[in-house]
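Welcome! Let us learn together how to read the places where a model holds its ligands.

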Amino acid sequence: MFITSAPGKVIIFGEHSAVYNKPAVAAAASSLRSYLLVKPMESIDDDEPVLQLNCPNLQFTFNWSMNQLLSIIDSHDLQKDTDTVQLSNSLLNIIDTQLLSEINNPLQRSAAQCFLYLYLSIVPRDKRTPLQFSLISTLPVGAGLGSSASISVALAQAFLKLNSVTLQDKSLINQWAFIGETCMHGTPSGIDNTIATFGGALQFTKGDPMGPKELHPIKPIVAVLTYTKIPRSTKVLVEGVRELYNTMPTIIEPLLDSMATVALKGSTALENGQLEEVLQLVRINHGQLVSLGVSHPGLEVIRNLTTDLKIGETKLTGAGGGGCALTFLNNSATTIDVEQFRNTLQEKFNYQTFETALGGFGCSLLELDQLTPTRKQQIIELFDVPGPKISMEQVDNILLPGGPADLPWIL
Ligand SMILES: Nc1ncnc2c1ncn2[C@@H]1O[C@H](COP(=O)(O)OP(=O)(O)OP(=O)(O)O)[C@@H](O)[C@H]1O
Ligand SMILES: C[C@@](O)(CCO)CC(=O)[O-]
Ligand SMILES: [Mg+2]
């Protein structure tokens, strides 16, 4: 019995342009995480062993017959080699047509698709026992903070562990998590899963053979995150930008190049603690994202309030279209100003705000058998609570790596 966990992320510069191989900058939001509990499945019916996915945040539980899953493997000669990480359209098609036909809700469907794809690709036939996978997130789902990547990473890490793969480092987890993201998004850049795997702060360019560059800011990066609660889908927003790019390539390509320059300058300014420059680049990057059509009136409310109160600069973060905004405070912003900002957003607009330090732990593993029986039971019960009743604070108090309970997470 074990738990894997991976953080959400904040893109500081370069969302969307990242998809076009332009550099982008992101950091882990390491206290906002997904947790995946893997435990033996208590038998529902002795004749029909099942694999269960339980997602309290999205209020769904699905069972798949182990026999059906085994026959799919046998007929399609899957996962000979977990080191060869590729997306198979034929496997995606089998999952879609044979295993997801009862799931109509698109949010549930994409989570189940990612789960099944990674399970069938990574866990070998002889290690397929009836198991229950329970997934909870303390980060808002579908809000621009990389929830899809955090579940992909937690799933990839768990399946590689079930396959007893000895990991030299976390690269293989990251590669499989990218495939999981691809199942959900279509064409991800890979920045979200890279941050969810490795944590910290990174400058990332899709396809760069040198890999991501770790950033070491001289001052901690602190920002206010605001969640508008306006639902959106990363896949749909990324497709919208692609359509714009295809219609007006001569306008959009130079815009993406300019976004790349912003990200590179922003990366240096963050490392050197040049706040004035960071603030200007945040404003410019948001304007660029508005031009790409991925803002939303609900996000502009946050930006306008930041400008009215003269407390700093705000940009959307993640795919936009709702979801979250990121506000960097200037040196003259007082505690009272920030309180007024947060209270207005919370009370007048019913938004949720968090003041958060960025960076910190990437994916992690906790072996439950090392804990006392009481602690183990307490943790298992956390995952049994029905969706709306999950207390994020309780999850943090008990599970957060480096948090109050000080559990022996392997980082
Ligand atoms: N705790 C969870 N339980 C089940 N599914 C989840 C969970 N967290 C994320 N997901 C899956 O991820 C999808 C959200 O992914 P999406 O990429 O649209 O948003 P995001 O990753 O939160 O934001 P962004 O990609 O802009 O950073 C959900 O629809 C669901 O399928
Ligand atoms: C919008 C996007 O740039 C970030 C989503 O968090 C998509 C991606 O990079 O895959
Ligand atoms: Mg996502």
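**Reading the ligand sites**

A: The shell around ligand 1 takes at least three residues from domain 1 (2–212 + 360–399) and at least three from domain 2 (217–357). Keep in mind that this is a predicted model.

Q: Which residues are closest to ligand 1, and how many surround it?
A: To read a shell, look for residues with a heavy atom within 4 Å of the molecule. Here 24 residues surround ligand 1, and the closest are K9, L107, S137, S147 and R232.

Q: Which helices each supply at least two residues of that shell around ligand 1?
A: Look at α3 (106–122), α4 (147–162) and α5 (171–185), each of which supplies at least two.

Q: How do the residues of the shell around ligand 1 divide into nonpolar, polar and charged?
A: You will find 10 nonpolar, 11 polar and 3 charged residues there.

Q: Which polar side-chain atoms lie by an oxygen atom of ligand 1?
A: For such contacts, look for pairs of N or O atoms within 3.5 Å. K9 has a polar side-chain atom 2.7 Å from an oxygen atom of ligand 1, and S147 has one at 2.6 Å from an oxygen atom of this ligand. In S110, an N or O atom of the side chain is 2.8 Å from a ligand 1 oxygen. As for cover, ligand 1 on its own has 640 Å² of accessible area, and the protein covers 96% of it.

Q: Where does ligand 1 sit?
A: Ligand 1 is found in the largest pocket. The space taken by ligand 2 is the largest pocket, too.

Q: What surrounds ligand 2?
A: Its shell consists of K9, I11, E15, H16, V19, P188, S189, I191, D192, V238, G318 and A319. By type, these divide into 6 nonpolar, 3 polar and 3 charged. Both β1 (2–13) and α6 (191–198) supply at least two residues of the shell. Domain 1 (2–212 + 360–399) and domain 2 (217–357) each give at least three residues to the shell around ligand 2.

Q: How many Å from an oxygen atom of ligand 2 is the polar side-chain atom of K9?
A: The separation is 2.6 Å for K9. Side-chain N or O atoms also lie 2.5 Å from a ligand 2 oxygen in S189 and 2.7 Å from one in D192. Taken alone, ligand 2 exposes 300 Å², of which the protein buries 98%.

Q: Which residue should I look at in both shells?
A: Try K9, which is listed around ligand 2 and is among the closest residues to ligand 1.

Definitions and conventions
Residues are numbered from 1 along each chain as its sequence is written. Chains are lettered from A and ligands numbered from 1 in the order in which they are written. This is a predicted model: local features need pLDDT of at least 70, side-chain atom pairs count only at pLDDT 80 or more; totals for chains, interfaces and linings use all residues. Side-chain values use heavy atoms; hydrogens and water are left out. A polar contact is a pair of N or O atoms within 3.5 Å; within protein, one must be able to donate a hydrogen and the other to accept it, and residues adjacent in sequence count only if both atoms are side-chain atoms. Accessible areas come from the Shrake-Rupley method with a 1.4 Å probe; for residues, only the protein chains shown count as cover. On a 1 Å grid over the protein atoms alone, a cavity is a set of points where a 1.4 Å probe fits but cannot get out, and a pocket is an open set with protein on both sides within 12 Å along at least five of seven lines; lining residues have an atom within 4 Å of a point. A molecule sits in a cavity or pocket if more than half of its atoms lie within 2 Å of its grid points. Helices (H or I, at least four residues) and strands (E, at least two) are DSSP runs, numbered from the N terminus. Ala, Val, Leu, Ile, Met, Phe, Trp, Tyr, Cys and Pro count as nonpolar, Asp, Glu, Lys and Arg as charged, and the others, Gly among them, as polar. Domain bounds come from an automatic or database domain assignment.
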